[in-house]
2 protein chains.
Amino acid sequence: MEFKISKDFIAQIEQYISENREEQLVALLEDIHFADIAEIMGELDSSEASYLFHILDSEKTAEILLELDEEVREKILKDLSPKEIAEELDELSTDDAADIIAELPEDKKGEVIQELVDAEHAKDIVELLRYDEDTAGGLMGKELVKVNENWNVLTCVREMRVQAENVQRVHSIYVVDDEGRLKGRLSLKDLLVTSTKTPISEVYIPKVDYVKVTTPDVEVARIMQKYDLEAIPVVDELGRLVGRITIDDIVDVIKEEADKDYQLAAGISQDVEADDSILELTRARLPWLILALLGGFVTVKVMGIFEPAMKNHGELFFFTPLIAAMAGNVGVQSSAIIVQGLANNSISGSLFSRLVKEVLLTLLNGSILALILILGSHFLLDVSYEVGLTVSVSLVSVIVIASLIGTFVPILLNKVGVDPALATGPFITTSNDICGILIYFSIAKAILGF
Amino acid sequence: MEFKISKDFIAQIEQYISENREEQLVALLEDIHFADIAEIMGELDSSEASYLFHILDSEKTAEILLELDEEVREKILKDLSPKEIAEELDELSTDDAADIIAELPEDKKGEVIQELVDAEHAKDIVELLRYDEDTAGGLMGKELVKVNENWNVLTCVREMRVQAENVQRVHSIYVVDDEGRLKGRLSLKDLLVTSTKTPISEVYIPKVDYVKVTTPDVEVARIMQKYDLEAIPVVDELGRLVGRITIDDIVDVIKEEADKDYQLAAGISQDVEADDSILELTRARLPWLILALLGGFVTVKVMGIFEPAMKNHGELFFFTPLIAAMAGNVGVQSSAIIVQGLANNSISGSLFSRLVKEVLLTLLNGSILALILILGSHFLLDVSYEVGLTVSVSLVSVIVIASLIGTFVPILLNKVGVDPALATGPFITTSNDICGILIYFSIAKAILGF
């Protein structure tokens, strides 16, 4: 069951803090999960959060630190000495500790590392800091259980008991050779059901999925999802086992990747949250708005060309937002489907067959929309039959073009190595606005001859 | 390492199939992971896929069945007798088997269940079919390792060895009382490092997260993510342990939920893929396009009201797509941030402070955009200073309103229990188009007095 954080509970905590009632606070928070305490600290102001942090157990605070929003964490770390931070990190696994050190200001990093008590832990953390955060190396932790292929199960179980002390969750037991090269794995289940006298070389599974330290994180996520893995070993250039990645780290990668695509589609170019500062939000949003504004300038210019139509067919101009909106919507629909297909690796067939399909689909949708438009413009909008027909013909043409742009721009971007999600959102709507209006007036001119 | 499916490899397989070379095919596919074979079968036509399916081991085909795209699976299942399907399902875990049965036509379901060999397995599957697929009950599997609180570790280990035979991955050992009610858990690690003589009641952890069978799947995902769980037990109304959900099932829920939000934002209302049929794609896309078209009718009407402006200030009409586009973009940006915040539970603070922040943010962005617009309309667009100023003032007003609509519509929808992601995409752009154009011309009329 989950603990629900109520306003009353927060108020209670704030009151205790203001009254300096340490004991009551500790008692109140004793049975509460660190993820919930982190959430509570996010609701408090930063001095209150710092106060809470200082009165809690270091075993608990280390985990809380990990769960906090980056901003809150930054504020709390600022108030801590390098020694205090090191004490927190000693409680954490290597990958989590390395992630927190990576967030520290440059000068503080070294100081904190020097203060780490466990030399082995410190060495592992320093090694992890070397890797790019978007690679398997940046994701992996050093905590794993490994056994030598030359041991027997008895030695193995004894060794594992020692190793398991440092490992929070034992996923797999990896088998290495004398040079530390990954040879295979033992499953925990095998261990439960196999007699302890069997030699390792007879029971280990030589086939094991692995990734290299340089494999990109999204690729690791794809492999683990595809092969339904809960943990995957990471090897270096020489094939030596250097770490492991667990599924919970991958859940975050998957979530972030999906969120990023969604944000790009909405015209937000950085990972921002509702609670970020106005300046951060502006940096993520303004560039796209400027792009859209410049695109708008072009539509103004395009319409200027067709100004002569205003004399006899002024009502044509009333339809420009409608045409632009339909082009934008169709374009975004097409591109979103392709972007997801590319992300999920689920697009098959040739470019040509996709083109045919997209055109057929849009013609089908377009015919229904054109019918509604002809009837609507006649009965609801008071425009001549001639103009209604003109707008309908244009609408179909415009959305066919928009769907083709929406389909092929992401594919093209993907081919040249640019994130195709860039092609959704403002980019596609702006270019479709321009194309759409140009096509619309050109067709109108051809039909109505202004 | 991952296996890459090349075109040559597919061609090779197709050739072997056409030449009926069973042995070579089996040899070729022997070392290939079932997820990869499923992918290969997705590339073949359905008779080829069926052929492959029939020549492979039933141990492998059951897993392949699970990994196939729904469409391909449907075709293959059609060719199999109830007995053959039951044989596949006997190889699968209860939750996977139940998912596949749920996809079968009604009349075939019963026939397949009757053919299941293992009575216990069949009973579990039938139980799972009772639950709604979007709940914890629909996600959970029956395979778990449970021990009685009254046992000692020795009995426990012996019992576990038996139970573990049926469990692919042992995540946690759950502790129940004589009535089967969940009391706590034992970690595998505890088991590795504890002496076998200890009584269970002394070593088990009485605090255990759990969900109910009726808990919605997205809620389960949120809890497992928040508390970093790899498995969670599921209890019935009486608190009895009835199943467990593992993180790999949750990964799919998280992915689907994120994909769904993205699709809604792009105006796609059902879970469709690029390779779905034209009719399915139309069903998902057309309703939004019709909504946008009807919204477009309203913009035509609104502009009709301001037709008199055309005589002296026709250029005002050139700016309508620009105004509509900016309103749409700002609205979608605002709503996307709120929708993600709601989905991730990361929105704090009062409505009022959010309102103030959103207005300040948009005023900042708006001032920069207005400046660009004034300069641009003067130097690039050939419109009078008066019109440029009018458009700029309107632009700022329009995007402030759009950002407020974009912020508060999702919050409102969320309050009344509607998926806030509905408020992104066509819904928000259409209403912002209408509001935007109305505000624009009203302000223009006030300033220019046509």
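The questions and answers below concern a predicted model with chains A and B.

Residues are numbered from 1 along each chain as its sequence is written, while chains are lettered from A and ligands numbered from 1 in the order in which they are written. Local features need pLDDT of at least 70, side-chain atom pairs count only at pLDDT 80 or more, and totals for chains, interfaces and linings use all residues, with side-chain values taken from heavy atoms, leaving out hydrogens and water.

Me: By what turn can chain B be laid on chain A?
Reply: The copies are superposed by least squares on the C-alpha atoms of residues with pLDDT of at least 70 in both. Chain B then fits chain A with an RMSD of 0.2 Å and a shift of 0.0 Å along the axis, after a turn of 180°. That is the relation of a two-fold axis. The copies meet through the same surface, because the share of the interface residues of chain B that are also interface residues in chain A is 100%.

Me: Which domain of chain A has its C-alpha centre 53 Å from that of domain 2?
Reply: The bounds, which come from an automatic or database domain assignment, give domain 1 (7-133), domain 2 (145-246) and domain 3 (278-448) in chain A. The C-alpha centre that lies 53 Å from that of domain 2 of chain A belongs to domain 3.

Me: How far apart are the end C-alpha atoms of residues 387-413 of chain A?
Reply: An unreviewed UniProt entry lists residues 286-306, 318-339, 359-381 and 387-413 of chain A under "transmembrane region"; positions follow the numbering used here, feature names are shortened, and annotations may be inferred rather than shown by experiment. Helices (H or I, at least four residues) and strands (E, at least two) are DSSP runs, numbered from the N terminus. Residues 286-306 are 95% helix and 0% strand, with their end C-alpha atoms 31 Å apart. Residues 387-413 are 100% helix and 0% strand, and their end C-alpha atoms are separated by 38 Å.

Me: Which residue of helix 23 pairs with A:Phe317 of helix 19?
Reply: Rings of Phe, Tyr and Trp (its six-membered ring) pair if their centres lie within 6.5 Å, and planes under 30 degrees apart count as stacked, over 60 as edge-to-face and the rest as tilted. Among the 8 aromatic pairs over all chains, A:Phe317 and A:Phe441 form a tilted one, 4.9 Å centre to centre with 45° between the planes. The pair links helix 19 (residues 315-318) to helix 23 (residues 426-448) of chain A across 124 residues, and the partner in helix 23 is A:Phe441.

Me: Which residue of chain B belongs to the aromatic cluster with A:Phe306 and A:Tyr440?
Reply: Both A:Phe317 and A:Phe441 are buried, a term that means under 20% relative accessible area, with exposed over 50% and partly exposed in between (1.4 Å probe, protein chains only). These two residues join A:Phe306 and A:Tyr440 in one aromatic cluster, whose member from chain B is B:Phe318.

Me: Is A:Lys197 buried or exposed?
Reply: A:Lys197 lies in the loop between helix 13 (188-193) and helix 14 (200-203) of chain A. Its C-alpha atom is separated by 6.3 Å from that of A:Leu154, 43 residues apart along the chain. Because the relative accessibility of A:Lys197 is 74%, this residue counts as exposed.

How values were computed. Contact = heavy atoms within 4.5 Å.
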